[in-house]
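Student: Hi! Could you walk me through this structure while I have it open?

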Amino acid sequence: MIQEIAFSSNPDMDSALRELFGQLKGSPSSCKAVIFMASVCYDFPLLSQRIQSKFPGCEVMGASTSGEICGAEGFSKKSIVLTTMSDPATKVSGVIFDDIDQFPIVHKKAIADAASRAGISLGRNGANKDGFALTFINGLCNAEEATLALLNAVIGDKEFAIAGGSAGDDLQFKQTYVSYNGRTVSHGAAVLFFKTPKKFVIKRENIFAPTGKTLRLTGVDIESRTVKSINNQSPRRAYAQALGISESEAANAALTHPLGRAYGDDVFISSIASFNPDGSMGMYCRVLPNAGVELMQPLDAVQIAGRTGEEFTKEVKKQGFVFLVNCILRTIGFEQQGLTGRIAETWRRYFPAYCGFSSYGEQKDHLNFNQTLLAIVIEA
């Protein structure tokens, strides 16, 4: 498997595309898949069409972002990152669908057809250990959980791997985009199914640990992802009391002390989006009534990045494709601590090449979560 990565921060889209295409050495006809991530400072629908026209025989998927990532540049903003994947033994097939937040069931056949074209077996547990799905989901329509539920229902394989991220819009919170083969939507998802004889490893990296303090979400609006009461009192008051700070300090603590949902031995991060004037709490992930959540505390992010890199190098001796989805809240935290350069350099020590984006959420298998690194590595 061969991966090429191109980068441009030229504000003129035509010039940026010339730079991107000029950096690629392989022929467009040799590519199986093209994945791009771009700032919304570009005309995303037009950008999608232009990239598709350059690679007419490929599966082309893209997402708008809140920051781009690649090995040569590290963390960037207002740029485009494009990566190609070439491997004659790997099958790739995609699908895009809109209005996932309203009518998910109507997309079942299109998803099933795309999976079947890639050689994914439907309705057979354990039959797809050589396959996975990469998902890009619009990040402002609260559709991540519905998309994952739909994909898992269609595939019908409890062991099938799904991994991806939510599209962003440079923290404008107005409109995000995902695209597939030149078509762009803002209330749906794009999915690429992979079936490959190459070994692949998908990992989550968590840079938080439980404090040992558990909060119960006694009042929840599932639809709007709003917590209305914690331990039967104002969420802001309960959160501040658990941290031993004043309510006025709660908003500033949210980035470093998110909430965690425990599933077995794993903890998945649920980030706090905001504290509302009435003391309620908006969340970036779906929350459930009467759920117990852990109050989290930060760990050494650079040390953990090195540990993650070591794990990947042990499991995939020769890497051919590396894709990273890094939560925008992690990126903001790294920026505030002056760590973006050190994190990017740590990744460079373990990955010969990598690319990805800063996302509005991360997904793996059945779950949507935040403040996490999701990494996909495929052997060469």
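Tutor: Happy to; we can talk about sheets, a helix, salt bridges and empty space in turn.

Student: What should I know about the source before we start?
Tutor: This is a predicted model, where local features need pLDDT of at least 70, side-chain atom pairs count only at pLDDT 80 or more, and totals for chains, interfaces and linings use all residues. Residues are numbered from 1 along each chain as its sequence is written, and side-chain values use heavy atoms, with hydrogens and water left out.

Student: OK, sheets. What is the strand order in the open sheet of 7 strands?
Tutor: The order is 17-16-20-14-15-19-18, and the pairing is antiparallel. Strands here are DSSP runs of E with at least two residues, helices are runs of H or I with at least four, and both are numbered from the N terminus. Two strands pair if DSSP finds at least two bridges between them.

Student: Which strands sit at the edges?
Tutor: Strand 17 and strand 18 (272-275), each pairing on one side only. On average, neighbouring strands of this sheet are turned by 45 degrees against each other, direction ignored. The axes are lines fitted to C-alpha atoms, for helices over the stretch in contact, and angles run from 0 to 180 degrees between N-to-C directions.

Student: Got a pairing I can click on?
Tutor: Try strand 15 (residues 226-230) and strand 19 (residues 281-283), which pair in the antiparallel sense over 2 bridges. Val227 stands opposite Met281 in strand 19.

Student: And how are the strands ordered in the sheet of 6 strands?
Tutor: That open sheet runs 5-4-22-21-25-13, with mixed pairing. Its edge strands are strand 5 (74-76) and strand 13, each of which pairs on one side only. Neighbouring strands are turned by 20 degrees against each other on average, direction ignored.

Student: How many bridges join strand 13 and strand 25?
Tutor: There are 7 bridges, in the antiparallel sense. Look at Phe200, which stands opposite Ile378 in strand 25.

Student: Does anything else involve Ile378?
Tutor: Ile378 helps to line the largest cavity, along with Phe132, Leu134, Phe194, Phe321, Phe323 and Ile376. Strand 8 (131-138), strand 21 (319-327) and strand 25 (372-379) are the elements that give two or more residues to this lining. By class, the lining has 7 nonpolar, no polar and no charged residues. The classes are simple: Ala, Val, Leu, Ile, Met, Phe, Trp, Tyr, Cys and Pro count as nonpolar, Asp, Glu, Lys and Arg as charged, and the others, Gly among them, as polar.

Student: What is the volume of the largest cavity?
Tutor: About 30 Å³, and a search of the whole structure finds 1 cavity of 30 Å³ or more. On a 1 Å grid over the protein atoms alone, a cavity is a set of points where a 1.4 Å probe fits but cannot get out, a pocket is an open set with protein on both sides within 12 Å along at least five of seven lines, and lining residues have an atom within 4 Å of a point. Grid points are joined across faces, edges and corners, and a volume is the space filled by probe spheres set on the points.

Student: So what about the largest pocket, how much space lies in it?
Tutor: About 280 Å³. It is lined by 17 residues, and Arg261, Tyr263, Arg286, Leu288 and Leu367 lie nearest its centre. Helix 4 gives the largest share of the lining, 4 residues. By class, the lining has 10 nonpolar, 4 polar and 3 charged residues.

Student: Switching to charges: how many salt bridges does the structure hold?
Tutor: It holds 15, counting a side-chain nitrogen of Lys or Arg within 4 Å of a carboxyl oxygen of Asp or Glu. In one of them, Asp266 meets Arg204 at 3.6 Å, N to O. Asp266 is in strand 17 (residues 266-270) and Arg204 in strand 13 (residues 200-206), so this pair links distant parts of the chain, 62 residues apart.Student: Are those two buried or exposed?
Tutor: Both are partly exposed: Asp266 at 38% relative accessibility and Arg204 at 25%. Buried means under 20% relative accessible area, exposed over 50%, and partly exposed in between (1.4 Å probe, protein chains only).

Student: Last one: how many residues of helix 8 are buried?
Tutor: In helix 8 (residues 328-337), 7 of its 10 residues are buried, including Arg330 and Phe334. Gly338 follows the helix, with a positive phi near 70 degrees.
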